[in-house]
Amino acid sequence: MRTTKAARLLAAGAAVTALTLLTACGGGTRAHEDEALGSKAPVPQPVQKARVDVLPGMPAVEDPGDLYSADRPGRLSPVVKDFPSRVYVPNTNSNTVTVIDPATYRILKTIPVGRQPQHVVPSWDLKTLWVNNDLGNSLTPIDPRTGKAGAPVDVHDPYNLYFTPDGRYAVVMASMDRQLVFRDAHTMKVVKTVPVSCYGVNHADFSVDGRYFIVSCEFSGEVLKVDTARMKVVEQEKLPFKGAMPQDVKISPDGKLFYIADMMANGLWILDGDKFTRPRFLATGKGAHGLYVSRDSREMYVSNRGEGTISIFDFARNRLTKKWRLPGGGSPDMGGVSADGKVLWLSGRYNAEVYAIDTRTGAQLARIKVGSGPHGLAVYPQPGRYSLGHTGIFR
């Protein structure tokens, strides 16, 4: 039997209405509303066609709307795909590195290194882990394929270590020397020493185009803007808080803002790096210290060392959404996110322990005793094309 055009339109409309009602009925659950977004599948983003005029020699920006697009679960570089998954913990007071199997939470071995190791830093080419022996004035290389340490390399006052986005230079945060020291990324030979007028240079992150980076100065409460190619401090400002002690630095996924943890102001400074104007402040918790972006780029984990908590910051909503508390307290400091994005690993600076935290629920999965003064632990390998340093800033 043939139908009229009006009848066909009426039937189609009824079908659409029914489908809408069915969809609404299926989406009403609130059972998982407290889960962190970092454990969920990322929302597909429209393809970005804009190109970024990057620092010469720097890999092209895959997605200008998300600088961490190469850090998705499973996107391991061919360089690291056969490396065993490990957690490397520098014990500052014990002068050792503890190596943990993240699958079993068991300690595999302890590696003697130089005096006062502060951070374990993946090299730009992903092939080496550098242990920053601050008072030992050396870097100990670890082969992440075998887990074996090599001969230490003489480097003065290596509190922290970064790499320029073009892979040419290592940038040593010589905190007590009050210098930024640009070195050859492979030989560690000095290329240029940049004296700074602030005290305690310690952490950094690079702009979307790699042409500048923001540096925190812990002991004078200041931040610097450094021209990457010219190897020169181009701007400097005092944070608007008496006694400010800025720590970790992390750029937003869209590259528009820098977040700077402050352990005395107990929160984050939010800075427009391009304009370098007065930053605004967001309170997170006592002793705000480390900053780590989730594998889907939706959230940032903020370790509040002074109160044993982790605050969750939602980039899209520009606010804190929840706070996780370590059972029995602790001193969560520096660390990283597992390759699959399911576990946040943090050192317990004043408790000689390491925490494994479920990024879906915030539950503590493990608390592992290590050496004294665990600091900048590295989870390795992680997804990404190259490393910008610290405990693992990957692009």
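Which residues lie nearest the centre of the second largest cavity? Select V61, L67, R385, Y386 and R395 and you have them. Keep in mind as you click around that this is a predicted model.

**Stop 1: the second largest cavity**

With those five residues on screen, widen the selection to the full lining, which has 17 residues. The space they enclose has a volume of about 120 Å³. Colour the lining by class and you should get 10 nonpolar, 2 polar and 5 charged residues. R385 and R395 are among the residues nearest the centre, and so are V61 and L67.

**Stop 2: the largest cavity**

How many cavities of 30 Å³ or more are there? The count is 2, and the largest has a volume of about 180 Å³. To get there, select D71, V293, R295, Q382 and G392, the closest to its centre among the 16 residues that line the cavity. Now show the strands: β21 (288–293) and β25 (332–337) are the elements that give two or more residues to this lining. The largest share, 3 residues, comes from β21. Colour by class again, and the lining of the largest cavity splits into 7 nonpolar, 5 polar and 4 charged residues.

**Stop 3: a salt-bridge network on β25**

Stay with β25 and pick D333, which sits in that strand. Its side chain meets that of R349 in a salt bridge, 3.3 Å from N to O. R349 is in the loop between β26 (343–348) and β27 (353–358), 16 residues away from D333, and the pair links distant parts of the chain. Are these two buried or exposed? Both R349 and D333 are buried. Add R305 to the selection: R305, D333 and R349 are linked in a network of salt bridges.

**Stop 4: two more salt bridges**

The whole model has 15 salt bridges, and here are two more to look at.

Start with R75 and E62, whose side chains meet at 3.1 Å, N to O. Both residues are in the loop between α1 (5–26) and β1 (86–91), 13 residues apart. R75 counts as partly exposed because its relative accessibility is 37%. E62, at 36%, is partly exposed too.

Then jump to D314 and R317, joined by a salt bridge of 3.3 Å, N to O. Turn on a surface and compare the partners: D314 is buried, with a relative accessible area of 3%, whereas R317 is partly exposed at 46%.

**Stop 5: a buried aspartate without a salt bridge**

Next, select D209, in the loop between β13 (201–206) and β14 (212–217). What is the nearest side chain of opposite charge to D209? R211 is, at 4.2 Å. A salt bridge needs a nitrogen-to-oxygen distance within 4 Å, and D209, though buried, has none. Look at what else the D209 side chain reaches. A polar contact of 2.7 Å joins it to the side chain of S207, and the backbone nitrogen of R211 is 3.0 Å from the D209 side chain. That puts R211 in the picture twice: as the nearest side chain of opposite charge and as the owner of that backbone nitrogen.

**Stop 6: backbone oddities**

Some background before the last selections: most residues other than glycine have a negative phi, and most peptide bonds are trans.

Where is L126? Look in the loop between β4 (117–122) and β5 (129–133). Phi of L126 is near 70°, a positive value in a residue other than glycine. L126 counts as buried, since its relative accessibility is 1%.

Now go to the segment after β29 (378–380), where you'll find P381. A cis peptide bond joins Y380 and P381, with omega at about 0°. Q382, one of the residues closest to the centre of the largest cavity, is worth showing again at this point.

Finish on H390, also in the segment after β29. Phi of H390 is near 55°, which is again positive in a residue other than glycine. With 0% relative accessibility, H390 counts as buried. If you still have the cavities displayed, bring back G392 from the lining of the largest one and R395 from the lining of the second largest for a last look.

Key: Residues numbered from 1 in each chain as written. Predicted model: local features only at pLDDT ≥ 70, side-chain atom pairs only at ≥ 80, totals over all residues. Heavy atoms only, no water. 1 Å grid on protein atoms, 1.4 Å probe; cavity = no way out; pocket = protein on both sides within 12 Å on 5 of 7 lines; lining within 4 Å. Points joined across faces, edges and corners; volume = space filled by probe spheres on them. Helix = DSSP H or I, 4+ residues; strand = E, 2+ residues; numbered from the N terminus. Nonpolar A, V, L, I, M, F, W, Y, C, P; charged D, E, K, R; others polar. Buried < 20%, exposed > 50% of the residue type's maximum accessible area, 1.4 Å probe, protein only. Lys, Arg positive; Asp, Glu negative; His and termini not counted. Polar contact = N/O pair within 3.5 Å; in protein donor to acceptor, adjacent residues only side chain to side chain.
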